[in-house]
Amino acid sequence: MAETTAETLLDRMVAEFQVSAADIPAISRASDNGTNGEGPVGESEASVLKWVAQEYFVPFNPLDDIRPEKDLLALFPARILLKEELLPLRRENGRVEVATCRLFSTTGLDGLKTVTGLRLQPVLAPREAIQRELKKWLGVGADTLGTLGEEASFQVVEDENDENTNLDEAAEDASIIRFVNQILRDAIELRASDIHLEPFENELRIRYRIDGVLQEVPVPPQIKRFQPAIVSRVKILSHLNIAEKRLPQDGRIKIRLDDAEVDIRVSVIPMLHGEAVVLRLLRQNATLRGMGQLGMDPRDLASFQRVLALPHGIILVTGPTGSGKTSTLYTALNAINDAVRKIITIEDPIEYQLRGINQIQVSEKSGLTFARGLRAILRHDPDVLLIGEIRDRETAQIAVQASLTGHLVLSTLHTNDAPGALTRLVDMGVEPYLVASSLEAVLAQRLVRVLCSQCRAIDTSSTAHALKQQLGFAPETVLYKSVGCRECRNTGYHGRRGIFEWMNSTQSIRRLMLRNASSGEIREAARRGGVRMLAEDGWRLVREGITTPEEVLRVTKDQAAEDAADAAAEIVATSGAPTS
């Protein structure tokens, strides 16, 4: 929040409200409250506005919890609302209430009356609150698209057979460029991992994936008109063919924002109502945490560090897309990166750049596949290999052979749990005896959302009590629930933490692999050997007040902790509580 002196604020208020400074006691009180004349703009301004509202019999609204009508907002030009800092709130007795921070500066209100012909009733509100709610409800880029609508020289023609269609010029329009830049900046600032541009019959929907969950972004109603130009601008940035609208295309964009580089992977696919775009944001300068900051249980962390010190073998990290597998592997590589080992990685894409590590980017177009790159890497005398993903039989077999010839191999697989990784390698065509002799450990993981520290609340419901009994928690254990506030965008969560399932290749598990046992048999043997399954590790975070039972159930499978997870899910379901 910006700060200013009380005197500067007073000067602005005197000019705008046309009253004597002596008539506004709120400023002097703000100066005497221990801030020495300094304080947040919102707090001082709110006190002054309350005084003005009382003196001139005008309503005051702090805009803490409002939900303007979308149909009402659509009646007003977004450009005027943003420029004049005006926010339509609701219809009341034939008038439209409009929030403003400048009661006697009537230029904006007069302009709205002229354009809409509506009767307007001013309501005083703090400037910062108005700006916040305008962005929230009008959407990203509302001011930019507002100017586009007034430019007669700009026209988007969607008929593919029209020879006069010129999307090159439309996509290079300054307003379209600013709008796409605003989307990228907004997503990066909100910690989004993906941006989805989805065309429908009457709208272009924009969503960000934040903390693993898609959240819709409010956008101006007229954005649908500029859909072809927006998609074309993304294509130009990612060096794709803007004339091709019938086939999927993949590209990449590299941008710099505030000294941070972001690599953006772009996927464009034709849909029923136009081309859909997904942009995956990869922060190149992301800071890697230490091994101790992964959040693993101390026993599992010690086992992880032990196998990283081995001279050869395979370590697999499994989980679905977006579960943090690559970050975990890079944290491990960073821990063992020293002057006496040669570490080479082959990835698609390269998500982190580490000093002292040789990194290879897979390029299917040029013929550099995982398998071909691996064969070349083995001639470079490496000690440690990181394979971005084992996707096929050839890559799996080369990885196994590399581990058997004295290399430590780290890689990822897409399986639901740790035992499933063993049977997946066999399904790919690797002989069971090779899997048994080369695989040292498997780490399965998921990411659960962390409760927002600003709004989390103690859950005293009967559901929470039943869950504690079912999961064997101590009676004094405190369970928390998500609430939602401005800081967490009303989701109740902010950030994510990992839950883990660590399985060493013990002698009993190796024997099961040699006789080609099922993943269910291997899972039961692992549990008898003391392996903590994913959901069981999730309950650890629930006990610590880091996340909620609903969040653990959302990301884990019943097989991870069958009895406890089944019973907990039933309790949550019968209580009517949300599971995500």
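Among the elements that cover the buried residues of helix H12 are strand S12 (313-318), helix H13 (325-336) and three further strands, S16 (408-413), S17 (439-451) and S20 (493-504). The model examined here is a predicted one. H12 itself spans residues 298-308, and its buried positions are Asp300, Leu301, Ser303, Phe304, Val307 and Leu308. Viewed down the axis of H12, these buried residues fall within an arc of 160 degrees, so they line one face of the helix. The spacing of such positions fits a general rule: an α-helix has 3.6 residues a turn, so residues three or four places apart point the same way.

H12 belongs to a protein chain of 580 residues, 50% of which count as buried. The chain holds 23 helices and 20 strands. Among contacts with a separation of 6 or more, 65% are between residues 24 or more positions apart.

A second helix with a buried side is H14 (residues 370-377). Here Phe370, Ala371, Gly373, Leu374 and Ile377 are buried. Around the axis they cover an arc of only 165 degrees, which puts them on the same side of H14. These buried residues pack against S13, S14, strand S15 (384-387) and helix H15.

The pairing of H14 with H15 (residues 393-404) can be described further: the two helices pack at an angle of about 20 degrees, with their axes 8 Å apart. Because angles under 35 degrees count as roughly parallel, H14 is roughly parallel to H15. Their crossing is left-handed. On the H14 side, the contact is made by Phe370, Ala371, Leu374 and Arg375, while H15 contributes Glu394, Thr395 and Ile398. Sorted by class, this contact has four nonpolar residues, one polar residue and two charged residues. Phe370, Ala371 and Leu374 thus appear both in the contact with H15 and among the buried residues of H14.

Helices H10 (residues 174-189) and H11 (residues 227-237) offer another packing arrangement, with axes that come within 10 Å and cross at roughly 75 degrees. This angle makes H10 roughly perpendicular to H11. Ile176, Ile177, Phe179 and Val180 of H10 meet Ala229, Ile230, Arg233, Val234 and Leu237 of H11. By class, the contact of H10 with H11 comprises eight nonpolar residues, no polar residues and one charged residue.

Individual residues add detail to this picture. Ala46 is found in helix H3 (residues 41-55), and its relative accessibility of 15% means that Ala46 counts as buried. Once neighbours within four places in sequence are left aside, Ala46 is in contact with Phe60 and Pro126. The C-alpha atom of Ala46 is separated by 9.4 Å from that of Cys101, a residue 55 positions apart along the chain.

Thr547 sits in the loop between helix H21 (534-543) and helix H22 (549-555). With 1% relative accessibility, Thr547 counts as buried. Thr547 and Val450 are 97 residues apart in sequence, yet their C-alpha atoms are 5.1 Å apart in space. Not counting residues up to four places away in sequence, Thr547 touches Val448, Arg449, Leu451, Tyr493, Leu541, Val542 and Val552.

The backbone also has some features worth a look in the loops. Glu85, in the loop between helix H5 (78-84) and strand S3 (87-92), has a phi near 55 degrees, a positive value in a residue other than glycine. Glu85 is buried, with a relative accessible area of 11%. Asp211 likewise has a positive phi, of about 55 degrees, although it is not a glycine. Asp211 is placed in the loop between strand S7 (204-210) and strand S8 (213-217), and with a relative accessible area of 9% it is buried. Finally, a cis peptide bond, with omega about 0 degrees, joins Asp348 and Pro349. Pro349 lies in the loop between strand S13 (343-347) and strand S14 (358-361), and S13 and S14 are among the elements against which the buried residues of H14 pack.

Technical notes:
Residues numbered from 1 in each chain as written. Predicted model: local features only at pLDDT ≥ 70, side-chain atom pairs only at ≥ 80, totals over all residues. Heavy atoms only, no water. Axes fitted to C-alpha atoms, helices over the stretch in contact; angles between N-to-C directions. Helix = DSSP H or I, 4+ residues; strand = E, 2+ residues; numbered from the N terminus. Parallel < 35°, antiparallel > 145°, perpendicular 65-115°, else oblique. Left-handed = near helix turned anticlockwise from the far one by under 90°. Contact = heavy atoms within 4.5 Å. Nonpolar A, V, L, I, M, F, W, Y, C, P; charged D, E, K, R; others polar. Buried < 20%, exposed > 50% of the residue type's maximum accessible area, 1.4 Å probe, protein only. Arc of directions from axis to C-beta.
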